[in-house]
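Visitor: I'd like a close look at one part, the surroundings of the ligand. Please start there and work outwards.

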Amino acid sequence: KRTSPSQTEFYQAAQEVLESLRPLMIKYPKYRQHKIIERIVEPERQILFRVNWLDDNGVIQVNKGFRIEFNSALGPYKGGLRFHPSVNAGVIKFLGFEQIFKNSLTGLQIGGGKGGSDFNPKGKSDNEIMRFCQAFMSELFRHIGANTDVPAGDIGVGGREIGYMFGMYKKLANKYEGVLTGKSLKWGGSLVRTEATGYGAVYFAKYMLEDRGETLEGKRCVVSGSGNVSIYTIEKLYQLGAIPVTCSDSNGMIYDEAGIDLELLKDLKEVKRVRLSEYVKYVPTAKYTPIEGYPEGTNGVYAIPCFAAFPSATQNELNLADAKNLLANGCVCISEGANMPSTPDAVDLFVESKICYGPGKAANAGGVATSQLEMAQNASMVNWTFEEVDAKLAQIMKNIYVSASTTAAEFGEPTNLVLGANIAGFRKVADAMIEQGLV
Ligand code: NDP
């Protein structure tokens, strides 16, 4: 039942999952008897709170804070915090819902949660970011803990924000524990966590392609976004011999025929924190197109011919027209670094065309999986090497691919990883809910 008009993204995510589950529900009546669908779409707990903070002019600012603790059948709630003006209860609910199945697919003991704020970090001073993070944590701290709910980063929340929030949690809770992941390597972080979502999305593409006798080597790829996921997608693409030729932000895109200059991109985005349009000042042969210059009704990134595409910015950034452009230009592989970046009609087209299509909840699960590896290192007080964590990440992405593709085959649609990921992710959570009783 759709009773809240403001939950558009949540209904979109729920509809996709529920449609995929039809064959499972028919084959196994126990899920209907236990009313698992009715139970799983309701969050176990939703927390909404006010965040007051002082800007640099001494003016009081007020934002909304959210944390959704959606499902704890498989472990402590786990999922990122997003700081972006577009954040509302519906967006957090969609992200939390997706997180349940994604976390299940990793094979690790983590439940689903998500949170954030409508705070806009863009243009804020470092002091303003710190004061906001402290104000946000001054309420959130009472709801989270290393064994109850362990947030991480997402859009607008990286290492700097995690640091400020961790400092405030430690002070208020009087505990030094692994309550957040994505921490600095100097005080409890895990190697590869920063890189994990992007690396994981590329590993996922590699495994999908391997099954069809293909590789990424020497192939042109398009990437959207220029944040954490995009940067490390580009890095891993280079490591596998591919040529990433685009990246973007909310103002426009870069097309660099020679391949994106990764060191420059990191400097602009991670150090200088400036807009992507600056890229062409350093690489005059690259082309910058502002969004007003994109072909009408499309995202310019997907009009560039490529072998594989890595949507890595935000939800619904790739529509039917973009999907048609990609296929017409010969794209055979989509691996989603972002959460729900493709609109439902675009997803349908990818599935029907039987290209390699890795939906976000499978392809971008490397981030949360490595967060769990950070929790494991924190709990055991042992630090693993970069190579150890990277090897575990690659193995987890392989397991997710195998789980989604064998489940898809079990239900008669071997190339449909949307079906396979949704059923495989759901089944484990549903069985745990049944075994744990009506709680
Ligand atoms: P970042 O904040 O580091 O980067 C986000 C990038 O996407 C920026 O380039 C940003 O541009 C762009 N972007 C954001 N919103 C919009 C928009 N409305 N229109 C156009 N561009 C936009 O975030 P992440 O890289 O961490 O996250 C990207 C995606 O990956 C999200 O969907 C997130 O949920 C998903 N994800 C992230 C994980 C992680 O570990 N970080 C894990 C799993 C999924 P601008 O600077 O102009 O806003």
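Guide: Sorting first: Ala, Val, Leu, Ile, Met, Phe, Trp, Tyr, Cys and Pro count as nonpolar, Asp, Glu, Lys and Arg as charged, and the others, Gly among them, as polar. By that count, the shell around the ligand holds four nonpolar, 16 polar and two charged residues. Bear in mind that this is a predicted model, where local features need pLDDT of at least 70 and side-chain atom pairs count only at pLDDT 80 or more, while totals for chains, interfaces and linings use all residues. Residue numbers start from 1 along each chain as its sequence is written.

So who is in that shell? The ligand is surrounded by 22 residues, each with its C-beta atom, placed from the backbone, within 6 Å of it. The closest are G227, D249, S250, A338 and G367. Helix α8, residues 228-239, is the biggest contributor to the shell, with three residues. (Helices are DSSP runs of H or I with at least four residues, strands are E runs with at least two, and both are numbered from the N terminus.)

Step back and the wider setting comes into view. The protein splits into domain 1 (8-178) and domain 2 (194-358), with bounds from an automatic or database domain assignment. Both domains give residues to the shell, so the ligand lies between them. Taken over C-alpha atoms, the domain centres are 26 Å apart. Where the two domains touch, 10 residues of domain 1 are in contact with eight of domain 2, contact meaning C-beta atoms, placed from the backbone, within 7 Å. On the domain 1 side, α1 (8-27) and α4 (89-105) each supply at least two of the touching residues. Of these contributors α1 gives the most, with four residues. That side of domain 1 is a mixed bag: four nonpolar, three polar and three charged residues.

Now for the sheets. Go to residues 246-248, which make up β8, one edge strand of an open three-stranded sheet; β10 (287-290) is the other edge strand, and each pairs on one side only. The order is β8-β9-β10, with antiparallel pairing, where pairing takes at least two DSSP bridges. Between β8 and β9 (residues 252-255) there are three bridges, and the two strands run antiparallel. Look for S248 there: M253 in β9 stands opposite.

There's also an open sheet of five strands, in the order β7-β6-β11-β12-β13, and here the pairing is parallel. Its edges are β7 (243-244) and β13 (356-358); each has a single partner strand, so one side of each has no neighbour in the sheet. Further in, β11 (residues 308-310) pairs with β12 (residues 333-335) in the parallel sense over two bridges, and A308 sits opposite C333 in β12. Helix α7 (residues 193-210) packs on this sheet, where it touches β11, β12 and β13.

One last stop, further along the chain: helix α15 (residues 386-410) packs with helix α16 (residues 417-435). From α15 come S403, A404, S405, T407 and A408, and they meet L417, L419, G420, A421, I423 and A424 of α16. Sorted by class, that helix contact has seven nonpolar residues, four polar ones and no charged ones. Set that beside the ligand shell, with its 16 polar and two charged residues.

Methods. Axes fitted to C-alpha atoms, helices over the stretch in contact; angles between N-to-C directions.
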